[in-house]
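Biologist: Got a minute to walk me through this one? I'd like the overall picture, then some helix packing and a few residues.

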Amino acid sequence: MNAGLRAQVLVGSAVVLSLALVGAYLAAGGSSYAPEKSQDPCQHRAWTNPGSLSEIANQFSISALDGAACQLGVTRETLARALATPEARERFAERYGIDEAKLARAVRAGLLRAIDDAEEAGALSPFIAGPLRGTIEEIPLDQAIELINNADSLLGNVQSFLGPAGNLLEELLP
């Protein structure tokens, strides 16, 4: 077989395989793809049984974002992107007409919801939840946002504060 014929066979094979791939994609429903709708942040999400501080921190952050997003009337994903950087927060506030005071109230409400959810799930002791609620009411907005974005830091600080007893905290998790 000469080089020209071999090139034509290879190109023809590539075209047939490409058409077969497109056909398989369409047969699998690829023509009707629609992104999944965001969940309503005002709807309660049940906590799973947390096995570690990291899992508790993740669920805490999601719950706090849901609570704040519900207060602001936006999706959790929209708020998470807005809280990622000061510039994103500024664009978000401008777009939705939200001032710093309203954002601070919503973020604090979200954090309080997360504390309630964690306590209800048995992931946070009432002895820690009570003082934590008081702290949430007093911290500056930037620290409250940092707490949502990095709940691991709070739980890590609690664990390091406990010192050697911190290992017991991991063992006592549900």
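Modeller: Sure, one term up front: buried means under 20% relative accessible area, exposed over 50%, and partly exposed in between, using a 1.4 Å probe and protein chains only. By that cut-off, 33% of the 174 residues of the chain count as buried. Keep in mind that this is a predicted model, where local features need pLDDT of at least 70, side-chain atom pairs count only at pLDDT 80 or more, and totals for chains, interfaces and linings use all residues. Residues are numbered from 1 along each chain as its sequence is written, and side-chain values use heavy atoms, with hydrogens and water left out.

Biologist: OK. How many helices and strands are there in the chain?

Modeller: Nine helices and zero strands. Those are DSSP runs numbered from the N terminus, H or I of at least four residues for helices and E of at least two for strands.

Biologist: And how much surface does the chain expose?

Modeller: About 10,800 Å², with carbon and sulfur atoms supplying 58% of that. The areas come from the Shrake-Rupley method with a 1.4 Å probe, and for residues only the protein chains shown count as cover.

Biologist: What about contacts across the sequence?

Modeller: Contact here means heavy atoms within 4.5 Å. Among the contacts in the chain with a separation of 6 or more, 63% are between residues 24 or more positions apart.

Biologist: On to packing. At what angle do α2 and α5 cross?

Modeller: Roughly 135°, and their axes come within 7 Å. Axes are lines fitted to C-alpha atoms, for helices over the stretch in contact, and angles run from 0 to 180 degrees between N-to-C directions. α2 and α5 are therefore oblique to each other; under 35 degrees would be roughly parallel, over 145 roughly antiparallel and 65 to 115 roughly perpendicular, with the rest oblique.

Biologist: Which residues of α2 and α5 make the contact?

Modeller: On the α2 side they include Phe 60, Asp 66 and Leu 72, and on the α5 side they include Leu 103, Val 107 and Arg 113. The contact divides into 12 nonpolar, four polar and four charged residues. Nonpolar covers Ala, Val, Leu, Ile, Met, Phe, Trp, Tyr, Cys and Pro, charged covers Asp, Glu, Lys and Arg, and the others, Gly among them, are polar.

Biologist: Asp 66 caught my eye. Is it buried or exposed?

Modeller: Asp 66 counts as buried because its relative accessibility is 1%.

Biologist: What is Asp 66 in contact with, leaving aside neighbours within four places in sequence?

Modeller: Pro 41, Arg 45, Arg 76 and Arg 113.

Biologist: Switching to α5 and α7: how do they pack?

Modeller: Helix α5 (residues 100-120) and helix α7 (residues 141-149) pack at about 40°, with axes 10 Å apart. That makes α5 and α7 oblique to each other, too. Residues meeting there include Leu 103 and Leu 111 in α5, and Ile 145 and Ile 148 in α7. This contact divides into nine nonpolar, no polar and two charged residues.

Biologist: Last stop, Glu 119. Where is Glu 119 found?

Modeller: In helix α5. Glu 119 is partly exposed, with a relative accessible area of 26%. Beyond its neighbours within four places in sequence, Glu 119 is in contact with Leu 124, Pro 126, Ala 129 and Arg 133.

Biologist: And Ala 129?

Modeller: Ala 129 sits in helix α6 (residues 126-138). With 0% relative accessibility, Ala 129 counts as buried.
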